[in-house]
Amino acid sequence: RIVTGAREQQFEKFNTAAYNKVLSNLDPKLKVPANVTGRDAFNFVEQQIRNQYENVVPNLQITYTPRVEQSFDAIKKRYSGTKLPEDLRKGFENYVDGLKADFSTTQVMSGRRAQAVKQDLADMAAAYSQETGANKLLGSAYRDLQGLYMNLMKNQNPSVAKDLQKADAAYRDFVRVQTAVAKIRVEEGIF
């Protein structure tokens, strides 16, 4: 029992250190409270990231300009002559055209919609990047589109770009911690 108890204490310290690393992306002084461990620590970190996004996202917007349209068209053109099979190429082109259509009525995309699109692009890029052959190339196309889109968000929103980058970095690191927890299938959020 003494060894098991000591081991559990070490795991809790390791978890707290991992969570504090995630939080340092938001603010180097932000830490998991000393009396919070396990699932409560996990929830605390998750809420801090959510708060950061909720402070930033309403202040975002992307304006559709001729330059934005040219950038979207350039991405489509870059992959039109590749080894992508026609069905994958058409699907990618339709996705890009759908992004352009999001701007059709107001020429401005709200922060909430922009964040949702950003997450969708990240998911698409990640999913296809795990594939092989033509599907992997499609992953590269989505990754390039994601990079373009993230640059648009950053360049058109310089006043909140740094805060958005902090939230994204914290989220990225938090996902890594979640993945580690899931791989070990632990109880109470301790891995």
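Here is a quick tour of the two largest pockets in this predicted model.

## The largest pocket

Let's start with the main one. The largest pocket holds about 740 Å³ of space. Its lining is made up of 25 residues, and those closest to the centre of the pocket are Y53, K118, Q119, D168 and Y171. If you have the structure open, those five are handy for finding the spot.

Which helices build this lining? At least two residues each come from α2 (38-56), α5 (111-129), α6 (133-156) and α7 (158-184). The top contributor is α7, which puts in eleven residues. As for chemistry, the lining of the largest pocket is a mix: twelve nonpolar residues, eight charged and five polar.

## The second largest pocket

Next comes a pocket of about 150 Å³, the second largest in the model. You can pick out its lining by residue: T65, R67, V68 and S71, plus L148, N151, L152, N155 and Q156.

Two helices, α3 (66-80) and α6, each bring at least two residues to this lining. Here α6 has the largest share, with five residues. By type, the lining of the second largest pocket counts five polar residues, three nonpolar and one charged.

## A helix that turns up twice

Keep an eye on α6 as you rotate the model. This helix gives at least two residues to the lining of the largest pocket, and α6 also supplies five residues to the lining of the second largest pocket.

How values were computed:
Residues are numbered from 1 along each chain as its sequence is written. This is a predicted model: local features need pLDDT of at least 70, side-chain atom pairs count only at pLDDT 80 or more; totals for chains, interfaces and linings use all residues. Side-chain values use heavy atoms; hydrogens and water are left out. On a 1 Å grid over the protein atoms alone, a cavity is a set of points where a 1.4 Å probe fits but cannot get out, and a pocket is an open set with protein on both sides within 12 Å along at least five of seven lines; lining residues have an atom within 4 Å of a point. Grid points are joined across faces, edges and corners, and a volume is the space filled by probe spheres set on the points. Helices (H or I, at least four residues) and strands (E, at least two) are DSSP runs, numbered from the N terminus. Ala, Val, Leu, Ile, Met, Phe, Trp, Tyr, Cys and Pro count as nonpolar, Asp, Glu, Lys and Arg as charged, and the others, Gly among them, as polar.
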